[in-house]
Amino acid sequence: MKKRPLCMVCALFVAVQAIRVCFFGAGAEASALEDALNQSMPSAGITLEGTVSKIEEKSKVTAVCLKDNAVSVSDQNIQEPTVMAYVRPEQTEKSEEHIRIGNRIRITGEAAVFDSARNPGNFDQRAYYARQGIHVLVWADKLEVISRETDRTAQFLSEVRCAWKDILVKHLGDYYGGTMSAVLLGDKAGLDAEMKKMYQKNGIGHLLAISGLHMSFIGMGIYGLLRKTGLGFIPAGIAGGAVLILYTMMIGAGVSSLRALIMFLIRVGADMTGRDYDLATSLSAAAAVLCARQPLYVTDAGFLLSFGAILGLVLLSPVFGEMFRSEKLEAAAGRKKGGRTGWAKGKGGRHMIRRYLCGKIFAAGRWLLTGLVSSLAVNVLLLGPVLYFYFEIPPYSVLLNLFVIPVMPVAMASGIIGSVLTLMSDSLGGAVLQASKAVLWMYDCLCGAAGALPGSRFVTGKPDIAWLAGYYAVLGILCGIFYYLRQKSEDGRKGGVFRIPGILLVVCAVGMAAACRLGCKSEEGIRAAVLDVGQGDCIYIRGDQEDYLVDGGSSDVSSAGIYRIEPYLLANAVDTLDYVFATHGDEDHINGIRELLENQDLGVRIRNLVLPSEGYLDEKLLELAETARKNGTRTAVMRAGDKITEKTGKTELKCLGPVEGTKLEPGNEASLVLELTYGEFCMLLTGDVEGKGEESLYKEGKLPQCDVLKAAHHGSCDSTTAEFLKAAQPKVAVISAGVDNRYGHPHEETLERLREAGCSVYSTQENGTLTVRTDGQKVKLSGYVRKKS
């Protein structure tokens with residue numbers, strides 16, 4: 001560091017920014033407009049004037065980013081730097097012409113703040129947009145263009161991007177064309193969801209993001225080509241930098257692309273001024289520039305993964321290089337031209353061929369070891385953010401990346417060259433583009449093969465920050481030992497002792513992943529979590545030895561199974577559910593289960609689907625059972641009196657209803673009612689039971705006294721009657737209902753009955769996920785979201 005003062009200064013600056021953000025919340029403060037909206041929630045009418053800075057076409061709306069906004073809301077006039085507006089197609093069609101970047105527009109509509117995560121493991125929308133400086137979303141009801149002044153450069157680049165995407169989709173189809181649009185243009189709107197998930201689960205999702213690989217290929221490719229033509233450092237650097245700046249503007253200035261751009265400019269700047277280029281200094285300078293621009297970047301997955309990958313190459317590649325150092329390969333690589341190895345002594349054509357083949361074998365071995373060293377270095381250093389943001393590791397990604405990364409330039413080159421050639425000859429350009437399609441097809445095959453191997457996924461759950469701090473402290477110590485030994489060694493690296501730090505680094509990474517999973521699984525007692533799925537129901541239960549899900553669906557949250565339920569399960573190291581119960585056939589209880597069943601290969605496995613008895617199976621439940629069968633899940637029915645008891649005998653789920661012999665219609669009143677017991681603890685899970693179904697439970701004396709009641713039907717006034725509460729005598733009631741739902745759940749009559757029964761009442765509306773933990777005697781209830789005062 002003494003020889004790298006700029007590197008040290010930049011690294012200290014980034015560390016200070018990280019401390020400010022993590023411990024003092026710097027940069028995460030609400031804007032004045034966000035505060036005004038929070039005071040007038042649930043939503044507020046708004047009028048704003050702003051300048052269009054970005055336009056992005058989505059499936060159902062056009063997303064328009066506005067800067068320099070003058071906002072009028074709740075009799076307040078507020079200046080807001082950046083606002084995101086969703087404009088429906090009919091709004092843009094009404095204007096004389098489409099809006100363009102640089103136009104000044106007036107929007108009237110409904111505004112709302114972004115939601116924070118409502119469940120552990122879920123995507124935090126508010127934090128994501130805060131890192132972009134956006135705090136408010138406006139749904140436009142009326143749009144008016146008040147100034148046609150246009151940012152010609154930005155608008156031209158936007159049109160080029162759209163036209164380029166059309167070319168890719170035309171010649172490669174929606175599937176591969178959408179993929180290449182993400183690879184070359186950073187446009188993920190047309191990306192196939194299943195393919196994206198497959199790439200991510202196999203550890204090659206980074207190929208779908210504009211990263212240093214893409215930027216270096218374009219920037220350094222142009223720069224190197226111009227230098228080979230004899231152009232000087234300065235004009236070649238200016239030309240390469242200008243192209244890369246325009247390309248960055250076109251694709252959107254994401255964290256990874258900005259990092260690559262800054263590092264490229266530093267690289268060519270060093271060449272232009274005749275100075276030596278230092279990778280570590282360049283990396284720290286880029287991080288400092290971005291953190292000065294937005295301190296919240298230090299919490300962004302893209303920032304950590306992008307910078308962490310390069311940092312891993314800088315710090316850990318020498319360590320793993322020593323661990324895999326081979327005397328034979330070095331001797332083969334260092335031999336003089338025309339020399340002989342011990343493998344190929346002799347004369348004559350046969351021996352020349354043998355020597356040639358031996359040389360190729362050694363070269364291939366050296367290439368594989370170099371790739372393995374780089375892949376290990378990146379994966380070991382990035383283990384922390386990968387576990388923290390994605391909750392699992394693909395063990396084969398280290399090897400898979402050896403094959404996919406080297407051929408990525410082929411896909412990019414054919415994509416760029418083919419697209420340009422279509423402007424001259426559509427058929428010729430289309431033929432060249434097929435090389436991109438072939439590479440992507442190969443990626444699909446490799447991912448499919450890797451996913452079919454045993455142990456292709458290792459779900460760890462989300463580690464605590466303390467675990468991550470300990471992991472990186474150990475990595476730092478081991479790296480320090482390695483560099484200290486190498487510096488003190490006279491010959492630089494003789495002796496097997498230099499291989500020990502690399503071996504220990506691998507052991508440390510494996511131990512970290514295993515410890516994270518064990519930590520999530522080794523919870524004392526049991527847990528029942530009522531997830532916030534909006535207007536719907538979903539209860540996860542972790543027993544002594546098995547995992548259960550009771551219901552899973554929503555009527556107001558899109559794809560609740562994929563975006564709310566599955567992330568929660570993976571964050572808690574649940575890769576297999578032993579039993580999933582569908583209490584009845586309403587969509588707000590089963591559509592998430594259907595998504596989980598259909599996505600088991602890349603999501604969470606389900607061993608058994610449990611339904612009400614045959615007489616209460618409606619069309620929806622029968623369809624769900626067929627979905628389960630097609631996806632390899634066993635289906636069973638549960639009748640009143642049936643039990644599931646774990647081997648320890650402590651955790652038991654007993655079916656209380658629907659009561660046999662009761663004439664009930666399939667649906668709410670025939671919901672499965674379950675009793676969860678663990679030691680002296682008892683919890684009732686009541687689905688949407690109401691009317692005759694609820695009445696039969698207490699009239700037949702089937703209801704036990706319980707500690708916790710999951711109130712039926714989201715707190716509807718048609719359920720949880722006074723007679724039911726008198727029989728069950730719950731101490732605590734938890735309610736699953738969507739914020740500001742159109743049904744008005746929970747109803748005030750139900751809340752009043754619960755209070756009169758002496759219940760403490762908690763709702764997912766106010767608390768997000770409600771988690772009940774018990775050791776069989778003591779009960780602890782906690783909410784994930786703090787109540788707004």
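Q: Two strands count as paired when DSSP finds at least two bridges between them; with that in mind, in which sense do strand S19 and S20 pair, and over how many bridges?

A: As a general idea, the strands of a sheet pair through backbone hydrogen bonds, and the pairing is either parallel or antiparallel. In this structure, which is a predicted model, S19 (residues 732-735) and S20 pair in the parallel sense, over four bridges. One bridge can be followed residue by residue, since Val734 has Tyr762 as its bridge partner in S20.

Q: In what order do the seven strands of the open sheet lie, and which are the edge strands?

A: The order across the open sheet is S14-S15-S16-S17-S18-S19-S20, and the pairing within it is mixed. Strand S14 (643-645) and strand S20 (760-763) are the edge strands, each of them pairing on one side only. From one strand to the next, the twist averages 15°.

Q: How should the second largest pocket be read, and which residues lie nearest its centre?

A: A pocket can be described by its volume, by its lining residues and by the elements that supply them. Here the second largest pocket has a volume of about 1900 Å³ and a lining of 41 residues, of which Val14, Leu311, Leu315, Leu381 and Tyr472 lie nearest its centre. By class, that lining has 31 nonpolar, six polar and four charged residues.

Q: Which helices each supply at least two residues of this lining, and where does the largest share come from?

A: Helix H1 (5-24), helix H10 (279-293), helix H11 (301-315), H15 and helix H18 (465-488) each supply at least two lining residues, and the largest share, 10 residues, comes from H18. As for H15 (residues 383-390), its buried residues include Leu383, Gly384, Pro385 and Leu387, and the helix is followed by Phe391, whose phi is positive, near 70°.

Q: Why does Met272 count as partly exposed?

A: The class rests on relative accessible area, where buried means under 20% and exposed over 50%. Met272 counts as partly exposed because its relative accessibility is 29%, which lies in between. This residue belongs to helix H9 (residues 255-273).

Q: Leaving aside neighbours within four places in sequence, with which residues is Met272 in contact, and how far apart in space are Met272 and Gly553?

A: With those neighbours set aside, Met272 is in contact with Phe233, Ile234, Gly237 and Ile238. Met272 and Gly553 are 60 Å apart in space, C-alpha to C-alpha, while in sequence they are 281 residues apart.

Notes
Residues numbered from 1 in each chain as written. Predicted model: local features only at pLDDT ≥ 70, side-chain atom pairs only at ≥ 80, totals over all residues. Heavy atoms only, no water. Buried < 20%, exposed > 50% of the residue type's maximum accessible area, 1.4 Å probe, protein only. 1 Å grid on protein atoms, 1.4 Å probe; cavity = no way out; pocket = protein on both sides within 12 Å on 5 of 7 lines; lining within 4 Å. Points joined across faces, edges and corners; volume = space filled by probe spheres on them. Nonpolar A, V, L, I, M, F, W, Y, C, P; charged D, E, K, R; others polar. Pairing = 2+ DSSP bridges. Axes fitted to C-alpha atoms, helices over the stretch in contact; angles between N-to-C directions. Contact = heavy atoms within 4.5 Å.
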